[in-house]
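Please open the structure in your viewer and keep the selection panel at hand, since this tour goes from one selection to the next.

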There are 2 protein chains.
Amino acid sequence: MAIVVQKFGGSSVADSESIKRVAKRVGAAFDQGNQVVVVVSAMGDTTDHLIDLAKQVTKNPPKREMDMLLSTGEQQSMALLAMALQHIGYPSVSLTGQQAGIHTDMVYAKSKILSIDTSRLEKELKQNHIVIVAGFQGVTQDNEITTLGRGGSDTSAVALAASLGADVCEIFTDVEGVYTTDPRLVPKARKLTSITYDEMLELASLGAAVLHPRSVEVAKQFNVKIHVRSSFNENEGTIVQEVESVDKILEKDMVVQGVAYDLNTAKVTVFDIPDQPGSASKLFGALAEEKINVDMIIQSQQREGVTDISFTVTRDDVERANEIIGQVTKEIGAGDFSFDSGVAKISIVGAGMITNPGVAARMFKTLADQSINIEMISTSEIKVSCVIRAELAKKAVISLHDAFELEHE
Amino acid sequence: MAIVVQKFGGSSVADSESIKRVAKRVGAAFDQGNQVVVVVSAMGDTTDHLIDLAKQVTKNPPKREMDMLLSTGEQQSMALLAMALQHIGYPSVSLTGQQAGIHTDMVYAKSKILSIDTSRLEKELKQNHIVIVAGFQGVTQDNEITTLGRGGSDTSAVALAASLGADVCEIFTDVEGVYTTDPRLVPKARKLTSITYDEMLELASLGAAVLHPRSVEVAKQFNVKIHVRSSFNENEGTIVQEVESVDKILEKDMVVQGVAYDLNTAKVTVFDIPDQPGSASKLFGALAEEKINVDMIIQSQQREGVTDISFTVTRDDVERANEIIGQVTKEIGAGDFSFDSGVAKISIVGAGMITNPGVAARMFKTLADQSINIEMISTSEIKVSCVIRAELAKKAVISLHDAFELEHE
């Protein structure tokens, strides 16, 4: 008997009608002879509503109590889904993160799953129950309720699939799968049949919102097959998995799998950093301590004992980064610093890229042909990213999608 | 250092402004040097909203999932209150029923508190935290979330006060305390300074909504002093406690403490029950099994081997009772049965009643003088109840309040 984990996001369980629809879908998987575990997010705008309430009470809600508050959203939707399943005749039981044995570390609002004690889950599955688990939440060793932060429910689903040895983790979403680029931007965008973890990871990190990078990391680590598919129809979506053999990579002539763009990025430049050991590490250490992710670091040539450093952060972090950088620049005796939120990060992603040295050059040429200036570049084994002006992002994506002929399989 | 347990109902925490007001009140008790534990209900109409949602999904929501759903209401209000307290500088922490160690039996929707493991609570109090506990909920030995049913938050508060050896359990409500009768009905109604557990228990059972009888039972059992008071002002309310000495009872010339009325009652009559051993026990056994409370049982004189039995149930239970009685009458070979929802139960309550045999007679005479027909009577050591026509309830309460001179101390 196969074990299937299914994850439904907030828009899939937005109201009672949607919940009934999801129940039918879950029931169908059960009817096919699977053991089914379902992970749900909070209903529609419940989380936003709760955040609003908290902000009415205090400008800076303490994180512990915020987790206590927000974790109720998933508890509500899971209970309603269990009711809807029982209503149409399926034995089912809902479990909070704590009841499902999802153990996390102690970082409120951004906790990580440490382990899953599946004994309760397995007991329920053995009794032929469909098990609904609250996504996005867990419990610490001290019995404190935590939430996993952004992308939390995807991560819950993949981690459960890993712990249960599930055959597949189906992520239901409002798009049909993973595309060569954003179909809203490029109508010619093509749905990918399959994609590797690394490719998915890069695409997810680079702005393709369909899966959260954290969940892909966990899937890669535990080799969980993810099926990203639409909650509105039965079409096959995109399978995220390791390619089965090296042969398959070599046979592949698709070097670039997708084009991603990310507008949630800002460029920071710190000027005149004294060129002493430890200056950069103090800067990035302080940002890391505040959990501010830094990307695409570029250091200029040294001149007269000082150097400039540019890097990108997400726009959400600009305010906090500003504060920290202000302090650190004083400490290390650096000069001024600037933020530029008018940028976008454009990336091409593909596992075959490393063996095709011409790919990056083709990207740069394509952008140059469109008179798009490249402000920063970073490369990895499977991607090349460029920072350009935000208003040119659409033009860049369309031309790159064409240049790499992504509309054809 | 005194331990104070404070309980705030749903209307006291209906929105963010109310929650901020409650926070100030709680903070004031903390400032007076008390260790403070606060029990909260769900915000305003949250519970109704959740019940609505469940009914949209299924006509008969399974009780386990209903408890899962409803318990989120208290979790939200406690988190928000903890935020509000921290916002004005008070160290505080919120705890779910499970975290607070409130262990219940396995009866979903109507569970009873079996024990409270206060170790976490005491740890938090020792750290000088104000502890906010979700009312109305607990957890079973199997780690299943349960709710306590009607009056649950009052019961949570009193049980916590008992377990912690609190000096007082303050129940904040929208009235000033316990009155000689409903002040909305009788403007001359007087606020009682103090009342015994038994008197309060009778008044609560008989329709005075200010405290739930369950909470009074627990308070009596563990000798918890309850202070019923207004959440809108600082006035002293009504103290519920055991009278300190027999002398005090004897000196009391207040025989009747209050007049209660209950419109949530219906009279059932089952006709022609074969007068055989076990007939009545089958009937009431079946009702008890479905947790339908039966009150004021009256059996008519036997005639020709059959007898009629009348009793009262709450109106909420009429539908379910109807079903059960239909089955049982067939089984035991009884005749027809009828429901009458046009009745009210009027009661007088007072601890001194047992030593004053004239009290019941005065009640009957007062009603007779008003041409009010008495359909059923039941008496206990501290109360006399009469079932009369519902439309005469107000007239009956006013005349009894006058007859026993309750407006004067």
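What follows is a walk through the enclosed spaces of this model and then along one helix.

Keep in mind from the start that the model is predicted. A search of the whole structure for cavities of 30 Å³ or more finds 2 of them, and the tour visits each in turn.

Begin with the largest cavity, which holds about 230 Å³ of space, and select A:Thr96, A:Ile145, B:Gln75, B:Thr96 and B:Ile145, the residues that lie nearest its centre among the 20 that line it. Next, colour helix H3 (63-87) and strand S7 (137-139) in chain A, and then helix H3 (63-87) and strand S7 (137-139) in chain B, because each of these elements supplies at least two residues of the lining, where helices and strands are DSSP runs. If you colour the lining of this cavity by class, you will find 16 polar residues and 4 nonpolar ones, with no charged residues.

Now move to the second largest cavity, with about 30 Å³ of space, by selecting A:Phe30, A:Asn34, A:Gln35, A:Val36, A:Leu125, A:Asn128 and A:His129, which line it. By class, this lining has 4 polar and 3 nonpolar residues, and no charged residues.

Finally, select helix H6 (residues 197-205) of chain B: 7 of its 9 residues are buried, so this helix is largely enclosed by the rest of the structure. Which residues of H6(B) are the buried ones? They are B:Tyr197, B:Glu199, B:Met200, B:Leu201, B:Glu202, B:Leu203 and B:Ala204, where buried means under 20% relative accessible area.

Definitions and conventions. Residues numbered from 1 in each chain as written. Chains lettered and ligands numbered in written order. Predicted model: local features only at pLDDT ≥ 70, side-chain atom pairs only at ≥ 80, totals over all residues. Heavy atoms only, no water. 1 Å grid on protein atoms, 1.4 Å probe; cavity = no way out; pocket = protein on both sides within 12 Å on 5 of 7 lines; lining within 4 Å. Points joined across faces, edges and corners; volume = space filled by probe spheres on them. Helix = DSSP H or I, 4+ residues; strand = E, 2+ residues; numbered from the N terminus. Nonpolar A, V, L, I, M, F, W, Y, C, P; charged D, E, K, R; others polar. Buried < 20%, exposed > 50% of the residue type's maximum accessible area, 1.4 Å probe, protein only.
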